Amino acid sequence: MRRDSEFQSYRVVLIATDIHKTFDSGNSGKEVLDGVSLAVSPGDFVMITGTSGAGKSTLLHILCGLDQPTSGEVFFDGNPYSTLSAGESSRLRGECFGFVFQTPHLLMDRTVFENVTLPFCYGPKITKSEIGRRCMDILEYVGLGKDGGRYPATLSGGELQRVVFARALVREPRVIFADEPTGSLDRKNSLNMLDLLKKKSEQGCAVVMVTHDHSLKSYGTRFLSLDKR
Amino acid sequence: MLYILKVDVADAWKCLVRQPLRSFLSSLGIAIGVAAIVAMLSISEGAKRRVVMTIDSLGMSTLRIEPLGTSAADGANSGKLTGITQDDLELVSTWLGGRGSAAGYVKQEGVEIGLKTRIQVATVVGITPLWQLAEDIYREAGRNLVQADFDNQENNCLMGNELAVRLGTRPPVQIRYGGRAATVVGLLHQKGRLLTEGTGLSALDFDNSLFCPVATVPYTRVVGGRELLDGMVVTLNIVKEQQILSLAGQVNQLLITNHRGVRDINLVVPVKLLRDAKEKQRIFSVIMVTIAGLSLIVGGIGIMNMMLANIAEQTREIGLRMVLGASRARIVGFYLLGAMVLTLSGSFFGVLSGIVLSYLIQFFVGWDVAISLPGLVVAPGTAILVGLLFGSHPAFTAASLQPAEALRQV
């Protein structure tokens with residue numbers, strides 16, 4: 001079920017067609033997503049908005065392959081997720097996607113530098129010096145060039161989120177998935193984070209971001225609003 | 001692959017040192033199990049070597065016969081006790097024919113043996129002609145005793161190596177013992193002593209004895225007109241265990257018949273001792289290794305428990321690693337490596353502790369121990385298997401987590 005023509009014609013990297021998701025809830029299933037379709041091209045900044053429980057995070061997890069739809073299909077570069085083995089799926093996440101979550105999910109006993117290098121544990125082997133160079137570049141990019149040796153416990157909420165952003169970018173992903181990345185930040189840090197994401201999308205990286213904050217809509221280039229069912 | 005291994009081992013180590021006490025205690029469980037196995041196998045090996053040394057000193061194809069004390073024979077027949085006589089020796093020698101050689105001896109301990117200027121206390125052994133052949137002990141210097149020495153009843157004798165050193169002499173030399181003069185014509189090779197503990201045989205230190213023709217020593221006893229011997233050595237020209245045991249049985253029966261049914265001799269068959277000892281050893285080893293193995297299993301359960309606790313605490317971290325590209329196989333490998341790091345470090349200290357424990361047992365309890373080299377491999381090997389076995393369940397539990405759900409864990 002490749003969609004080569006579509007991917008080639010519109011330079012689409014990610015496409016979701018007729019996604020349904022139902023969660024078991026007692027005797028009856030609870031349908032969270034009902035026939036969502038979406039195409040994402042390089043440089044897109046897709047904002048998925050909606051109220052709590054509308055299925056925004058569920059859709060994001062399905063788009064990045066962390067969850068499976070009840071029906072429907074997601075394609076990356078024309079390849080349907082359903083045909084990928086577990087190993088191929090892991091490799092896809094490691095090599096092509098970057099993730100930013102509301103909660104930083106940093107390893108507290110590792111330095112900022114070690115946290116940012118973590119994705120390289122699961123990717124193609126590159127030299128230690130190359131890893132070091134790329135990490136320093138990306139930390140510089142997010143404004144933490146001098147903080148590589150610090151531990152997460154010593155960082156502010158905004159700095160923590162920038163470390164997560166650096167970790168998401170360090171392997172130069174083609175799509176960044178961000179799930180409420182500004183949810184735990186104050187206004188100033190939220191805007192800084194969005195500036196970073198915006199900058200990245202302008203450089204050709206696709207960004208798919210979930211938020212319930214409609215005031216951030218100005219950063220997006222495309223919008224998908226989900227209603228609670 | 002090596003790169004992945006290197007990265008994951010370093011990563012697993014960092015995870016383990018987050019809870020140093022928990023990791024140490026889990027590793028300690030394995031260390032105790034390994035130490036117990038190493039110590040048990042060392043005790044077993046020590047006992048085995050002791051048995052082999054004993055058998056070696058007694059001779060593998062040898063039968064040793066000594067009279068039982070009167071208390072050892074049954075009361076009804078005690079009046080008929082005859083002990084071992086020259087008649088018995090001749091009977092066995094004739095019966096054996098070409099199948100072996102039999103020799104007899106009498107001995108007296110604590111005899112003063114003197115040169116002109118020096119006196120030493122030693123054992124004097126009166127021997128029959130084939131004794132050197134039966135004991136397989138020959139001269140280092142001088143000459144052996146020959147038939148003429150026995151036939152002519154000349155006071156020629158052979159001296160044990162250490163006795164010669166103590167007396168500061170070498171053959172030929174004139175000595176005095178038991179109020180008579182004798183000539184030492186030969187010095188014997190070192191042979192050590194008979195390791196007779198637990199056999200019922202009397203001890204004999206070859207290197208600290210003087211060996212003379214039996215007719216020339218003043219220690220023979222005559223009862224009812226028959227010369228008594230203190231013992232008999234039979235060396236068989238066969239090596240097969242079954243044949244030796246069969247011949248031993250026949251010799252025993254021959255002597256009992258000659259003694260009119262009185263069981264007044266102690267016939268020791270070293271090869272049978274070896275067989276019995278091996279069987280006891282096997283049972284001892286099985287019991288000890290089972291007990292030690294159980295402690296290793298308890299250690300394994302400790303590791304599993306600790307890993308399950310770690311995984312419960314690291315659920316979000318596992319989810320994160322999966323999101324960042326870790327496959328389920330990598331997660332399984334990661335936690336198995338963690339288990340390996342614990343078991344290997346536990347094994348390392350367990351082996352060291354086991355060796356120390358073995359020597360402490362030797363020092364305080366007095367048992368013979370010998371570090372069993374296979375044990376040094378088997379114990380850590382078993383520990384690693386236990387680690388893999390008990391680490392598998394937590395590892396697969398971790399790998400079966402759904403990344404999205406794992407990340408949502410509080």
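**Exercise 1.** Which helices of chain A and chain B each supply at least two residues of the lining of the second largest pocket?

*Solution.* The model is predicted: local features need pLDDT of at least 70, side-chain atom pairs count only at pLDDT 80 or more, and totals for chains, interfaces and linings use all residues. Residues are numbered from 1 along each chain as its sequence is written, chains are lettered from A and ligands numbered from 1 in the order in which they are written, and side-chain values use heavy atoms, with hydrogens and water left out.

Step 1. A pocket is an open set of points on a 1 Å grid over the protein atoms alone, where a 1.4 Å probe fits and protein lies on both sides within 12 Å along at least five of seven lines; lining residues have an atom within 4 Å of a point. Grid points are joined across faces, edges and corners, and the volume is the space filled by probe spheres set on the points.

Step 2. For the second largest pocket that volume is about 480 Å³. Its lining has 22 residues, and A:S57, A:H61, A:Q102, A:D179 and B:R408 are the closest to its centre.

Step 3. Helices (H or I, at least four residues) and strands (E, at least two) are DSSP runs numbered from the N terminus. The helices asked for are α2 (56-63) of chain A and α12 (403-408) of chain B. The largest share, four residues, comes from α2(A).

**Exercise 2.** Describe the lining of the largest pocket by helix and by class.

*Solution.* Step 1. The largest pocket holds about 590 Å³ of space. It is lined by 19 residues, and A:C121, A:K128, A:I131, B:Y3 and B:V7 lie nearest its centre.

Step 2. At least two lining residues each come from α4 (112-117) and α5 (128-141) of chain A and from α1 (2-16) of chain B. The largest share, six residues, belongs to α1(B).

Step 3. Ala, Val, Leu, Ile, Met, Phe, Trp, Tyr, Cys and Pro count as nonpolar, Asp, Glu, Lys and Arg as charged, and the others, Gly among them, as polar. The lining then divides into nine nonpolar, three polar and seven charged residues.

**Exercise 3.** Which strands stand at the edges of the three-stranded open sheet of chain B, and why does each have a side without a neighbour?

*Solution.* Step 1. Two strands pair if DSSP finds at least two bridges between them. The strand order is β2-β11-β10, with antiparallel pairing.

Step 2. β2 (84-85) and β10 (221-223) of chain B are at the edges; each has a single partner strand, so one side of each lacks a neighbour in the sheet.

Step 3. Three bridges join β10(B) to β11 (residues 226-229) of chain B. B:R221 has B:L228 in β11(B) as its bridge partner.
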